[in-house]
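Hi,

Here is the model I promised to pass on. Have a look, and then read my notes underneath.

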Amino acid sequence: FGDGRMYMERRIINGRHVEVQIIADNYGAVLLLGERECSLQRRHQKVLEEAPSPALTPQMRAVILPRVVAAVRHVGYRSAGTMELLVDASGEAWFMEMNTRLQVEHPVTEEITGIDLVELQLRVAAGEPLEMVQEDVQVRGHAIECRINAEDPANNFAPSPGLVTKLSLPSTEGCRVDTHLQEGDRISPNYDSMVAKVIVHGVDRADAIA
């Protein structure tokens, strides 16, 4: 491009995709709501997310999470947001991007904290101060979210639009389903193929997996 300067990025081998959820109001308060593991992906698209991240040790959290809060304060960020990181094998975290919104996987954070992130984001947007302090945020158990996509596995997982003739959703205790889908609905070819999210919450990771 006619520019002699070179930009170099560190190559991270076997990095883990970890993201940190925060919310900040207009009065300088920042709440840290833990992290999520989003490494299981296909074509750079997340397919399963969980919280907390099984890749982070308490020592790693003690270093990484305060850095995220400091960065959010430094730029004067307001609203709900997610800082996405690549964590290398040594436990060092490298910044990827900041998502200035709630993400698809926000329910796993809601499940382990008991905090309604949609409500909080709307309250902050309306100019209300955060009534909670960091000590009020308690992480309980483990949550996993599976994205349910209308796809054809026999055709390289191509989107599979069409009529929904039968729909059976799980209703087990500790299981949450976020979807608009009902029997008789027609899945459009014009949008993303994700049609539902199934979120489970257990006392620990093994319980959530089971």
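Below is what turned up, mostly about strands and charged side chains.

First, the ground rules: this is a predicted model, where local features need pLDDT of at least 70, side-chain atom pairs count only at pLDDT 80 or more, and totals for chains, interfaces and linings use all residues. Residues are numbered from 1 along each chain as its sequence is written, and side-chain values use heavy atoms, with hydrogens and water left out.

Strands here are DSSP runs of E, at least two residues, numbered from the N terminus; two of them pair if DSSP finds at least two bridges between them. E6 (residues 142–149) pairs antiparallel with E3 (residues 45–51) over four bridges, and eight bridges join E6 to E12 (residues 194–202), also antiparallel.

On to charges. There are 16 salt bridges (a side-chain nitrogen of Lys or Arg within 4 Å of a carboxyl oxygen of Asp or Glu). One of them joins glutamate 49 and arginine 147, 2.7 Å from N to O. Glutamate 49 is in E3 and arginine 147 in E6, so the pair ties together parts 98 residues apart in sequence. Both residues are buried (under 20% relative accessible area, 1.4 Å probe, protein chains only). Glutamate 84 and lysine 46 form another salt bridge, at 3.3 Å, and both of those are buried too.

So what about lysine 197 in E12? Lysine 197 is buried without a salt bridge; glutamate 145, the nearest side chain of opposite charge, is 4.2 Å away. A polar atom of its side chain does lie 2.7 Å from the backbone oxygen of valine 104.

Cheers

Conventions
Buried < 20%, exposed > 50% of the residue type's maximum accessible area, 1.4 Å probe, protein only. Lys, Arg positive; Asp, Glu negative; His and termini not counted. Polar contact = N/O pair within 3.5 Å; in protein donor to acceptor, adjacent residues only side chain to side chain.
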